[in-house]
Amino acid sequence: MEIIRTSRLILSELTINDANFIFKLYNDRDFIRYIGDRGIASVQDAESFILQGPINSYNINNYGLCLISLLDKKPIGICGLLKRDKLDSPDIGFSILPNFRRQGYALEASRAILNDARERLQLTKILAITSSENIASIELLLKLGMVYKKMITIESDSKPVQLYSIQFN
Ligand SMILES: CC(C)(COP(=O)(O)OP(=O)(O)OC[C@H]1O[C@@H](n2cnc3c(N)ncnc32)[C@H](O)[C@@H]1OP(=O)(O)O)[C@@H](O)C(=O)NCCC(=O)NCCS
């Protein structure tokens, strides 16, 4: 289901038909380095992930990670809101396939997601987490108007990450 259309992108709910794409994206070197290894070793794993992650979140929260496609329907990445037990507000996440980076697509998709969070979902605060080494992500968060808050540890066995926040009035 299409959620948002911007001048160059379509953001839609993920379905299990996107498993091939998710398998590819989640095994990208930078994705694993900066976001982590989600253990998606096959297209079947990707199907299970889509069901238990994004689709479950659409049902519970009314939001979740979306597929980003070009207007010709070519999938290029994901962007959307996540709800983590450890954080009191939803956080925004994004990832773009290497060939489509540095063309402003993550910025365009993220702005649309933040706008949707404020207008449709009536949320007042959105967070973001990123590793301190992830310069692309940090620059993007700052461009979105997000503000650095502090370092936090999301999982007890993982490295501390930077927490950003944006508040809507
Ligand atoms: C982070 C990521 C999503 C950015 O996607 P993108 O589509 O290339 O980003 P955009 O083209 O919209 O860039 C918007 C702005 O972000 C900043 N930026 C993006 N990539 C950057 C880079 N490699 N180095 C420095 N700044 C960068 C710039 O300010 C850029 O604006 P500019 O191009 O006018 O200078 C992409 O690099 C990615 O998928 N990385 C791997 C997954 C990941 O780390 N996700 C974030 C986890 S927190």
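These notebook entries record what I looked up in a predicted model of a protein with a bound ligand.

**Entry 1: the shell around the ligand**

I began with the residues that surround the ligand. I counted 21 of them, and I noted that I96, R102, G104, N134 and K143 come nearest. I then sorted the shell by class and found 10 nonpolar, six polar and five charged residues.

Next I asked which helices and strands each supply at least two residues of this shell. The helices are α2 (29-34), α4 (105-119) and α5, and the strands are β5 (91-96) and β6 (125-130). Which element gives the most to the shell? I found that it is α5, with five residues.

**Entry 2: polar atoms facing the ligand**

I looked up polar protein atoms beside oxygen atoms of the ligand. For K143, a polar side-chain atom lies 2.7 Å from a ligand oxygen. For L107, the atom concerned belongs to the backbone, and the distance to a ligand oxygen is 2.9 Å. For R101, an N or O atom of the side chain is 3.3 Å from an oxygen atom of the ligand. I also noted the area of the ligand: taken alone it exposes 910 Å², and the protein buries 80% of that.

**Entry 3: S137**

I turned to S137, which I located in helix α5, residues 135-143. Is S137 buried or exposed? Its relative accessible area is 7%, so I recorded S137 as buried, the cut-off being under 20%.

I then listed the residues that S137 touches, not counting those up to four places away in sequence, and found F94 and T130. With T130 there is also a polar contact, made between the two side chains at 3.2 Å. I noted that T130 falls within strand β6 (125-130) and F94 within strand β5 (91-96), and that each of these strands supplies at least two residues of the ligand shell.

**Entry 4: R5**

My last residue was R5, which lies in strand β1, residues 2-5. With which side chain does the side chain of R5 make a polar contact? The partner is the side chain of E2, at 2.9 Å. Leaving aside neighbours within four places in sequence, I found R5 in contact with I10 and L71.

I also compared R5 with A109. These two residues are 104 residues apart in sequence, while their C-alpha atoms are 9.1 Å apart in space. I noted that A109 falls within helix α4 (105-119), one of the elements that supply the ligand shell.

Definitions and conventions: Residues numbered from 1 in each chain as written. Predicted model: local features only at pLDDT ≥ 70, side-chain atom pairs only at ≥ 80, totals over all residues. Heavy atoms only, no water. Helix = DSSP H or I, 4+ residues; strand = E, 2+ residues; numbered from the N terminus. Buried < 20%, exposed > 50% of the residue type's maximum accessible area, 1.4 Å probe, protein only. Polar contact = N/O pair within 3.5 Å; in protein donor to acceptor, adjacent residues only side chain to side chain. Contact = heavy atoms within 4.5 Å. Near = heavy atom within 4 Å. Areas by Shrake-Rupley, 256 points an atom, 1.4 Å probe, with all protein chains shown as cover. Nonpolar A, V, L, I, M, F, W, Y, C, P; charged D, E, K, R; others polar.
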